[in-house]
Amino acid sequence: MTRILLVYYSQTGRTSRIARLICSAIGCDTERLEPLIPFSGSQSDIRKQITSNPHIPIRELVHDINQYGTVILGMPVWDNDIPPPMLSFINTTDWKGIKIHPFFTTGGVYVNVYSSLKEKCRGASLSAPLFLIFDNDGVLADVKE
Ligand SMILES: Cc1cc2nc3c(=O)[nH]c(=O)nc-3n(C[C@H](O)[C@H](O)[C@H](O)COP(=O)(O)O)c2cc1C
């Protein structure tokens, strides 16, 4: 049986809610990415904390990704792209032969993020993305494939 690992990043809890749902539905292992220096504040505060250094240090993972054939990747969309903690994980992982099922939580602007993910996870095979669109009150308003 192929083991499944769900790796996600969540700043304000939306992605972690979806991750919990998926996990209780399929019973996979889970890994939440944590920056060593957490982001805080509003969107504009966070933008100021994102430096020009693309590598944000993250806590070492508990699970060994090489033990998994399938990885579910969940993340919020940040500036139409992958949030830096997830990018740090992606850039330090050998994706060869891994099947990725991506999902994104978003306020509705996400046109670039899937192609960016495909480009960065070299050697992986990516399934079609799932976009979970939240309104300003944090209510799940729509799901797009
Ligand atoms: C720095 C920053 C940039 C964001 N950029 C976008 C964006 O480009 N498009 C979008 O739809 N939402 C954007 N958002 C909103 C988040 O993607 C959205 O609220 C997401 O569901 C949050 O997930 P989380 O609660 O798991 O952190 C941004 C949020 C932050 C903090």
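What pattern does the protein follow, read along the sequence? In this predicted model, the order of elements is β-α-β-α-β-α-β-α-β-β-β.

**Figure 1. The whole fold, start to finish.** Count up the elements of the protein and you get 4 helices and 7 strands. The radius of gyration is 14 Å, close to the 15 Å from the globule rule for 145 residues, so the protein is as compact as a globular protein of that length. If you're setting up a box, the C-alpha trace spans about 45 × 35 × 25 Å along its principal axes. Of the 145 residues, 26% count as buried. Among contacts with a separation of 6 or more, 73% come from residues 24 or more positions apart.

**Figure 2. Strand β3 and its partners on either hand.** Here we zoom in on β3 (70-76), a mostly covered strand with 6 of its 7 residues buried. β3 runs parallel to β1, and 5 bridges join the two. One spot to look for in this pairing is I4, which stands opposite T70 in β3. β3 also runs parallel to β4, this time with 7 bridges. Over there, V71 has I100 of β4 as its bridge partner. To get from β3 to β4 the chain passes through α3, making a right-handed β-α-β crossover.

**Figure 3. Helix α3, tucked away.** This view follows the helix from that crossover, α3, at residues 84-91. Since 7 of its 8 residues are buried, α3 is largely enclosed by the rest of the structure. The buried ones are P84, P85, M86, L87, S88, F89 and I90. And what sits over them? The cover includes β1 (4-8), β3 (70-76) and α4 (113-120). So β3, itself mostly covered, turns up again as part of the cover for the buried residues of α3.

**Figure 4. The shell around the ligand.** There are 21 residues around the ligand, and S10, R14, T15, P76 and T105 come nearest. Elements giving two or more residues to this shell are α1 (14-26), α2 (43-49) and β4 (99-106). Which of the elements gives the most? That would be α2, with 3 residues. Sorted by class, the shell has 11 polar, 7 nonpolar and 3 charged residues. β4 is worth a second glance, as it helps build the ligand shell and is also joined to β3 by 7 bridges.

Key: Residues are numbered from 1 along each chain as its sequence is written. This is a predicted model: local features need pLDDT of at least 70, side-chain atom pairs count only at pLDDT 80 or more; totals for chains, interfaces and linings use all residues. The radius of gyration is taken over C-alpha atoms; the globule rule is 2.2 Å times the number of residues to the power 0.38. A residue is buried if 20 or more other C-beta atoms lie within 10 Å of its own, exposed if 12 or fewer, and partly exposed in between; C-beta atoms are placed from the backbone. Two residues are in contact if their C-beta atoms, placed from the backbone, lie within 7 Å. A residue is near a molecule or strand if its C-beta atom, placed from the backbone, lies within 6 Å of it. Ala, Val, Leu, Ile, Met, Phe, Trp, Tyr, Cys and Pro count as nonpolar, Asp, Glu, Lys and Arg as charged, and the others, Gly among them, as polar. Two strands pair if DSSP finds at least two bridges between them. A crossover is right-handed if, with the strands pointing away from the viewer, the path from the first strand over the helix to the second runs clockwise.
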